[in-house]
Amino acid sequence: MKPALFTDRDGTINRDCPYCHDPADLFIFDDAVNIIRDYKSKGYLIIIITNQSGIARGFFTVREMEEFNNALLEKLREKGAGVDGIYFCPHHPGDNCTCRKPGDGLIRQAMKDFDIDLENSVVMGDRDDIEGELARKLGIKSIILHR
Ligand SMILES: [Mg+2]
Ligand SMILES: [Zn+2]
């Protein structure tokens with residue numbers, strides 16, 4: 001069992017576009033990379049959890065999101081900040097799904113795939129009302145990077 005760093009994608013690891021899906025727009029923040037590296041070195045799993053309502057809105061397809069993710073993951077790997085998993089919510093806010101953050105559905109999905117020590121895990125993001133709120137719901141630590 002390992003703790004995890006659950007990190008947001010847009011606005012946290014990479015600059016928000018918004019509705020990022022073109023790899024040409026990819027810009028990665030160094031502070032996020034350093035935090036990911038630091039948690040990796042402490043034995044944490046690194047798991048991206050991301051709301052991608054642009055899929056439900058028809059702005060981009062799952063395939064386009066995956067191409068963006070692959071470009072991001074490759075750059076992170078090159079920087080020594082490899083990611084163990086990535087989970088996304090494709091729904092519209094009005095869908096009332098359980099996976100859209102600050103809901104905990106994406107973390108629950110990750111916990112089915114990995115043996116995660118939730119109590120000692122951390123949520124990282126750029127929004128206190130999203131990632132901060134999610135961490136509070138779960139009673140775990142959060143790191144909010146104000147951009
Ligand atoms: Mg964000
Ligand atoms: Zn969802």
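**Exercise 1. Which residues coordinate the zinc ion (ligand 2)? Work out the geometry of the site too.**

Before we start: this is a predicted model, where local features need pLDDT of at least 70, side-chain atom pairs count only at pLDDT 80 or more, and totals for chains, interfaces and linings use all residues. Residues are numbered from 1 along each chain as its sequence is written, chains are lettered from A and ligands numbered from 1 in the order in which they are written, and side-chain values use heavy atoms, with hydrogens and water left out.

*Step 1.* Collect the donors, meaning N, O and S atoms within 2.8 Å of the metal (3.2 Å for Na, K and Ca); water is not among the atoms, so sites may look incomplete. For the zinc ion (ligand 2) you get SG of Cys89, ND1 of His91, SG of Cys97 and SG of Cys99, at 2.0 to 2.3 Å.

*Step 2.* Lay those donor residues out in sequence: C-x1-H-x5-C-x1-C.

*Step 3.* Check the angles. Tetrahedral asks that all angles of four donors lie between 85 and 135 degrees. Here the 4 donor atoms subtend 101 to 118 degrees, so the zinc ion (ligand 2) has a tetrahedral arrangement.

*Step 4.* Look at accessibility (buried is under 20% relative accessible area, exposed over 50%, partly exposed in between, with a 1.4 Å probe and protein chains only). Cys97 comes out partly exposed at 24%, while Cys99 is buried at 8%.

**Exercise 2. Find what holds the magnesium ion (ligand 1), and say which parts of the chain get tied together.**

*Step 1.* The magnesium ion (ligand 1) has Asp8 (OD), Asp10 (O) and Asp126 (OD) around it, at 2.1 to 2.3 Å.

*Step 2.* Asp8 sits in the loop between strand E1 (4-7) and helix H1 (30-41), and Asp126 in the loop between strand E4 (122-125) and helix H4 (128-138), so the pair links parts 118 residues apart in sequence. Helices (H or I, at least four residues) and strands (E, at least two) are DSSP runs, numbered from the N terminus.

*Step 3.* Both Asp8 and Asp126 are buried.

**Exercise 3. Classify the Phe27–Phe29 ring pair, then look for a charge over Phe27.**

*Step 1.* Rings of Phe, Tyr and Trp (its six-membered ring) pair if their centres lie within 6.5 Å; planes under 30 degrees apart are stacked, over 60 edge-to-face, the rest tilted. Phe27 and Phe29 are 5.7 Å centre to centre with 80 degrees between the planes, hence edge-to-face.

*Step 2.* A charge sits over a ring if NZ of Lys or CZ of Arg is within 6 Å of the ring centre and within 35 degrees of the ring normal. Arg15 has its charged end over the ring of Phe27, 4.0 Å from the centre.

Terms used. Tetrahedral: all angles 85-135°; square planar, octahedral: opposite > 155°, others 65-115°.
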